[in-house]
Amino acid sequence: MSDTPIDLDALRHRIDDLDADILRLINERAACAQHVAQVKSAEDPATVFYRPEREAQVLRRIMALNKGPLDSEEVARLFREIMSACLALEQPIKVAYLGPEGTFTQQAALKHFGESAVSLPMAAIDEVFREVEAGAVNYGVVPVENSTEGVINHTLDSFMDSSLRICGEVVLRIHHHLLVGEATRQDKVSRIYSHPQSFAQCRKWLDAHYPHAERVPVSSNAEASRLVKTEWHSAAIAGDMAAKLYGLTRLAEKIEDRPDNSTRFLIIGNQDVPMSGEDKTSIVVAMRNQPGALHDLLEPFHRHRIDMTRLETRPSRSGVWNYVFFIDFKGHCDEPHVAAVLEEVRVRAAEVKVLGSYPFGVL
Ligand SMILES: C=C(O[C@@H]1C=C(C(=O)O)C=C[C@H]1O)C(=O)O
């Protein structure tokens, strides 16, 4: 490092020069993205500008190229924002998410689409589906499963009646904090607000630290945060976004019982996503109630050596089928071995619906 300037002024000059280069390169990239938009529109006037498989490939490549000292995830986050701004030049993307503002689902939407996307809070999961179906927004973001608490049935049920496809997934590490407002008497907390899922994820911590506080379930953690602002004896369990939005402070941090607590969210839209190289497929299968039905369903996956990542059973809501299975597995439906399995499953099942093939969450 003998040629590295050592005084502060010289270092700052060097940073100024590098910033000018970075700025020029980012704008060159943005101009390229604008050209891409022209090519896409010329090929197909009804084109979709957002390409999840390409974005996943860009991020994976950047992470593989990265030599540090910045951490690969950090670098990918920066590129996530650069792509978000480039895409906004092609077409501003509108995204509906399970609100209100400050929920983990909003955090997932921003993590996936970046800050240049316009995100709109919806009051319920089926409203997110309806907004995308009606074309009021381009995409929707809904939670689908939590590592501690399991599947979010509302989301799975919404897929049964919808023609929307899954275009992507985001996994978020969920950290819960015990939050209080300026008016809260910290030694007198007798009531705690939160969403039932969050209470479940922090149950042991609450039993140990606040065994006598009343636990009041509300519709979201953001709503819990809003409520404590005006109550001197109350606290909320919520994440960073809600804390920031409502100006609350942390009485205790990371109070989730499991340190690896995470939630998986799905991106729903109207498009079929081409292969990215590391993909996943989600299907719903209806089977008749007969002995060996589950074995018949799983056998082709085993024979073709397809790795299942999730299997959920839901009661069928129509009289025709008895079981409905939600299955996630590795691979894309355009890959021959996946297409072969789907063909075999179609023969054995009463009905099969492919919800989508999409890239594994990168960030
Ligand atoms: C530029 C493109 O359009 C969008 C912007 C991307 C980018 O900035 O790299 C990548 C994929 C698309 O969502 C493209 O399709 O290549």
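Here is a short chat about a predicted model and its ligand site, a buried arginine and a few other spots.

Q: Hi! Which residues are around the ligand?
A: Hello! This is a predicted model, to begin with. The residues around the ligand are Arg29, Val36, Lys40, Phe49, Tyr50, Arg51, Arg54, Glu55, Met83, Cys86, Leu87 and Glu90.

Q: Which helices supply at least two residues each of that shell?
A: Those are H1, helix H2 (52-65) and helix H3 (72-90).

Q: And where does the largest share come from?
A: From H3, with four residues of the shell.

Q: What polar side-chain atoms lie by the ligand's oxygen atoms?
A: Lys40 has a polar side-chain atom 2.8 Å from an oxygen atom of the ligand. For Glu90, a polar side-chain atom lies 2.6 Å from a ligand oxygen atom. Glu55 is another one: an N or O atom in its side chain is 2.7 Å from an oxygen atom of the ligand.

Q: How much of the ligand does the protein cover?
A: On its own the ligand has 360 Å² of accessible area, and the protein covers 90% of that.

Q: Switching topic: is Arg264 buried or exposed?
A: Arg264 is buried, because its relative accessible area is 6%, under the 20% cut-off. You can find Arg264 in strand E11 (residues 262-269).

Q: Which side chains make polar contacts with the side chain of Arg264?
A: The side chain of Glu169 does, at 2.6 Å. The side chain of Asp328 is joined to that of Arg264 by a polar contact of 3.2 Å.

Q: What else does Arg264 touch?
A: Leaving aside residues up to four places away in sequence, Arg264 touches Pro143, Val144, Glu145, Val170, Val171, Lys280, Arg310 and Tyr358, among others. Glu169 and Asp328 belong to that list too.

Q: Okay, on to the surface. Which residues make the nonpolar patch?
A: Leu18, Ile22 and Ile26 make a nonpolar surface patch of about 230 Å². Ile22 is found in helix H1 (residues 8-43).

Q: Why does Ile22 count as partly exposed?
A: Because Ile22 has 46% relative accessibility, which falls between the 20% and 50% cut-offs.

Q: Last one: where is Asp7?
A: Asp7 sits in the segment before H1. With a relative accessible area of 42%, Asp7 is partly exposed.

Q: And how many Å separate the C-alpha atoms of Asp7 and Leu156?
A: They are separated by 59 Å, with the two residues 149 residues apart along the chain.

Technical notes:
Residues numbered from 1 in each chain as written. Predicted model: local features only at pLDDT ≥ 70, side-chain atom pairs only at ≥ 80, totals over all residues. Heavy atoms only, no water. Patch = residues over 30% accessible without salt bridge, like charges linked within 9 Å, V, L, I, M, F, W, Y side chains within 5 Å. Areas by Shrake-Rupley, 256 points an atom, 1.4 Å probe, with all protein chains shown as cover. Salt bridge = Lys/Arg side-chain N within 4 Å of Asp/Glu carboxyl O. Buried < 20%, exposed > 50% of the residue type's maximum accessible area, 1.4 Å probe, protein only. Polar contact = N/O pair within 3.5 Å; in protein donor to acceptor, adjacent residues only side chain to side chain. Contact = heavy atoms within 4.5 Å. Near = heavy atom within 4 Å.
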